[in-house]
Amino acid sequence: MPPLVAIAGALGSAAVVRWAYRTAKRINHELEEARLARVTERAEPYEVQTLRRDPATGAYRPG
């Protein structure tokens, strides 16, 4: 009987490790997609403002 318990424990442990690995892989993939989406949102041309120098004051202003 003890060898059967050891085999069942080993199979159960392998199943838990496999589940944890797949879950971590899925979460990392979702986080990477979200990060890439934020990067592309920031790169939209209407949000990027350039600064132009005001010749009268010498200060840089959005323009």
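Is E32 buried, exposed or partly exposed? In this predicted model, E32 counts as partly exposed, at 36% relative accessibility. That residue is a handy way into the structure, and the rest of the picture can be built up around it.

The protein chain contains 1 helix and 2 strands, and its elements follow the order α-β-β when read from the N terminus. Helix 1 covers residues 2-42, strand 1 covers residues 51-53, and strand 2 covers residues 60-62. Confidence averages a pLDDT of 87 over the protein chain, with 86% of the residues reaching 70 or more. Among the elements, helix 1 has the highest mean pLDDT, at 92, while strand 2 has the lowest, at 82. A general caution for anyone reading coordinates: where pLDDT is low, the predicted positions should not be read in detail.

Burial and surface come next. Of the 63 residues in the protein chain, 2% count as buried. The accessible surface of the protein chain amounts to about 5,900 Å², and carbon and sulfur atoms account for 65% of that area. Part of the nonpolar surface can be traced to a patch made of M1, L4 and V5, which together offer about 370 Å² of accessible area. Within this patch, V5 belongs to helix 1 and is exposed, its relative accessible area being 56%. V5 counts as exposed because its 56% is over the 50% cut-off.

Charge pairing is the next theme. Side chains of opposite charge can pair when their charged atoms come close. The structure holds 3 salt bridges. E32 takes part in one of them, with R35 as its partner and 2.8 Å between the closest N and O atoms. Both residues sit in helix 1, where they are 3 residues apart, about one turn of the helix. R35 is partly exposed, with a relative accessible area of 37%, and E32, as noted at the start, is partly exposed at 36%.

Another salt bridge in helix 1 joins R26 to E30, with the closest N and O atoms 3.3 Å apart. What separates these two residues along helix 1? R26 and E30 are 4 residues apart, so about one helical turn lies between them. R26 counts as partly exposed at 44% relative accessibility, and E30 counts as partly exposed at 42%.

A further salt bridge links the side chains of R61 and D54, at 3.5 Å from N to O. R61 lies within the residue range of strand 2, residues 60-62. Its relative accessible area of 42% makes R61 partly exposed. D54 is also partly exposed, with a relative accessible area of 22%; D54 is not counted as buried because that term is kept for values under 20%.

The strand region offers some additional contacts. R53 lies in strand 1 and is exposed, with a relative accessible area of 55%. Which residues does R53 touch, not counting those up to four places away in sequence? With that exclusion, R53 touches G58, A59 and Y60. For G58 there is also a polar approach: its backbone oxygen lies 3.2 Å from a polar atom of the R53 side chain.

Finally, T50 is placed in the loop between helix 1 and strand 1. At 43% relative accessibility, T50 counts as partly exposed. How far apart in space are T50 and P62? Their C-alpha atoms are 5.7 Å apart, although 12 residues separate T50 and P62 in sequence.

Key:
Residues are numbered from 1 along each chain as its sequence is written. This is a predicted model: local features need pLDDT of at least 70, side-chain atom pairs count only at pLDDT 80 or more; totals for chains, interfaces and linings use all residues. Side-chain values use heavy atoms; hydrogens and water are left out. Patches are made of residues with over 30% relative accessible area and no salt bridge: like charges are joined within 9 Å, nonpolar side chains (Val, Leu, Ile, Met, Phe, Trp, Tyr) within 5 Å. Accessible areas come from the Shrake-Rupley method with a 1.4 Å probe; for residues, only the protein chains shown count as cover. A salt bridge is a side-chain nitrogen of Lys or Arg within 4 Å of a carboxyl oxygen of Asp or Glu. Buried means under 20% relative accessible area, exposed over 50%, partly exposed in between (1.4 Å probe, protein chains only). Contact means heavy atoms within 4.5 Å. A polar contact is a pair of N or O atoms within 3.5 Å; within protein, one must be able to donate a hydrogen and the other to accept it, and residues adjacent in sequence count only if both atoms are side-chain atoms. pLDDT is the predictor's confidence in each residue, from 0 to 100.
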